[in-house]
Amino acid sequence: MSSYQWLIIAVTTFLNALDGYDVLAMAFTATSVTKEFGLSGTQLGWLLSAGLIGMAVGSLVLGPFADRYGRRKILIVALAINALGLFLSTTANSAFELGLWRIVTGLGVGGILASATVITSEYASARRRGMAVSIFTAGYGVGATLGGMGATQLIPAFGWRSVFLTGGLLTLVAIALVVALIPESVDYLRTRRPQNAVEKLQRIARRMRLEGNVELDPAPISTGRQQGSVATLLSPRYRTASILLWISFFVIMFGFYFANSWTPRLLVESGMTEQQGIIGGLMLTMGGTFGSLLYGALTTRWDERLTLMAFTVLSAATLVLFITTTSVPLLAFGSGVVVGMLVNGCIAGLYTVAPMTYEPGVRTTGVGWGIGVGRAGAILAPITVGALLDSGWKPPQLYIGVAVVVLLAAVALRRLRPYRETGSPASESSESTTTTR
């Protein structure tokens with residue numbers, strides 16, 4: 001991979017870090033917002049979920065537009081929507097207004113994730129694709145950590161609105177970076193063939209240090225009329241793959257948000273002190289970034305899908321180990337780091353496998369819908385677990401139940417196969433998407 005390709009990965013990683021910042025920003029401002037607006041627990045819960053609802057809708061809606069009008073163009077639109085939502089959040093005078101602007105912010109984040117994931121995958125070579133997407137995924141944890149640290153400094157000095165203002169300003173920086181550095185998707189240009197496609201491909205090839213002139217294949221590979229259409233995802237060609245991918249996204253996101261949302265509380269329920277519960281939650285977060293990178297490193301030697309299946313099975317096993325070792329805090333904290341590594345590695349795996357499942361013409365649609373269905377699992381996880389806890393379930397039962405749910409992803413992934421183009425795997429290196437002579 002050329003230095004320009006790695007630069008593209010760096011920019012998309014920054015975009016994913018904005019997602020992490022946004023999620024933690026709301027969590028850290030929750031106390032101040034509750035005091036100002038006099039919120040009940042239920043009202044705060046809906047406010048925390050508003051961003052996730054927006055993300056789900058944004059992924060589902062903006063993904064198809066990216067396939068139709070260009071990944072880069074929709075990425076810039078999504079960033080603008082995200083910035084608008086963050087800036088409007090600073091003007092909120094009620095919980096309803098803030099919730100509304102949080103949904104707008106989430107719409108932008110959903111579109112960013114769908115487009116940026118595909119751009120990352122398409123500009124990585126076959127051998128480095130898993131590592132590139134894992135670096136991109138690790139940006140979430142970095143953004144969440146730095147966002148949380150920044151919020152603790154901003155809120156006492158300038159109030160909770162300053163956290164959203166900072167996020168909006170960072171998003172403006174992101175827009176400038178995308179405009180200056182991110183090219184349009186090569187696969188989009190060669191399949192949709194917008195005006196001046198060859199000239200654009202030629203410029204991209206030069207920046208990637210590829211020699212010769214670019215020539216397009218005689219005809220686009222994708223079958224025109226339904227490019228970027230949601231209906232294509234459920235056509236006979238993709239129906240099975242789409243359903244298997246959606247199951248995987250749903251259950252893995254369910255497990256991810258369960259672990260990250262409920263761990264501190266459930267550790268206290270299991271007999272730990274409140275301080276130990278917080279430490280246990282931090283152990284999961286600490287392991288997260290390393291897990292994404294570990295997945296990427298392993299995929300340089302082993303198949304991406306099989307590596308994801310292994311991570312899924314091990315995640316289920318360590319969830320059970322984690323909650324059954326709470327009587328020995330050091331062992332529990334150690335297994336907590338491993339849980340964080342494996343669960344975050346599963347997210348990196350999903351973002352790697354999903355683009356490989358579809359042809360270029362519907363790739364962002366497929367990834368967007370996968371992320372959207374996954375966000376549905378993220379929204380349901382805290383609600384479902386809370387209801388089960390109220391009905392008398394104990395922490396070990398909850399963790400074992402979630403572990404069984406996560407295992408369903410391994411079953412689904414076992415049958416999932418990558419898209420193949422003229423007899424070759426869809427995971428061809430991005431350099432080969434143009435013909436150079």
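Select phenylalanine 65 to start. In this predicted model, phenylalanine 65 is partly exposed, because its relative accessibility is 34% and the partly exposed class lies between 20% and 50%. Now add tyrosine 69, which is also partly exposed, with a relative accessible area of 43%. Both residues belong to helix H2, residues 41–69. They are four residues apart there, which means that about one helical turn separates them.

Next, look at tyrosine 351 and phenylalanine 249. These two rings make an aromatic pair with 6.4 Å from centre to centre and 40 degrees between the planes, an arrangement that counts as tilted. Follow the chain from one ring to the other: phenylalanine 249 sits in helix H10 (residues 239–269), tyrosine 351 in helix H13 (residues 329–356). The pair therefore ties together parts that are 102 residues apart in sequence. Are these rings buried or exposed? Phenylalanine 249 is buried, at 0% relative accessibility. Tyrosine 351 is buried too, with a relative accessible area of 4%.

Aromatic pairs can be searched for elsewhere, since the structure holds 11 of them. Go back to phenylalanine 65 and tyrosine 69, which are one such pair: their ring centres are 6.0 Å apart and their planes stand at 15 degrees, so the pair is stacked. Then select Phe37, Trp160 and Phe164 together; these residues form one aromatic cluster.

Now show two helices, H1 (residues 3–37) and H5 (residues 129–158). Two packed helices are described by the distance between their axes and the angle between them. For H1 and H5, the axes come within 6 Å and cross at roughly 40 degrees. The crossing of H1 past H5 is right-handed. Colour the residues of this contact by type: 14 are nonpolar, 12 are polar and one is charged.

The last stop is threonine 105, found in helix H4, which covers residues 95–122. How much of threonine 105 is accessible? Its relative accessible area is 0%, so threonine 105 is buried. Select tryptophan 101 as well and find its backbone oxygen, which lies 2.9 Å from a polar atom of the threonine 105 side chain. Which residues touch threonine 105, leaving aside its neighbours within four places in sequence? The contacts are Asp22, Asn82, Gly85, Leu86 and Ser89. Display those five residues with threonine 105 to see what surrounds its place in helix H4.

Notes:
Residues are numbered from 1 along each chain as its sequence is written. This is a predicted model: local features need pLDDT of at least 70, side-chain atom pairs count only at pLDDT 80 or more; totals for chains, interfaces and linings use all residues. Side-chain values use heavy atoms; hydrogens and water are left out. Buried means under 20% relative accessible area, exposed over 50%, partly exposed in between (1.4 Å probe, protein chains only). A polar contact is a pair of N or O atoms within 3.5 Å; within protein, one must be able to donate a hydrogen and the other to accept it, and residues adjacent in sequence count only if both atoms are side-chain atoms. Contact means heavy atoms within 4.5 Å. Axes are lines fitted to C-alpha atoms, for helices over the stretch in contact, and angles run from 0 to 180 degrees between N-to-C directions. A crossing is left-handed if the near helix is turned anticlockwise from the far one by less than a right angle, and right-handed if clockwise. Ala, Val, Leu, Ile, Met, Phe, Trp, Tyr, Cys and Pro count as nonpolar, Asp, Glu, Lys and Arg as charged, and the others, Gly among them, as polar. Rings of Phe, Tyr and Trp (its six-membered ring) pair if their centres lie within 6.5 Å; planes under 30 degrees apart count as stacked, over 60 as edge-to-face and the rest as tilted.
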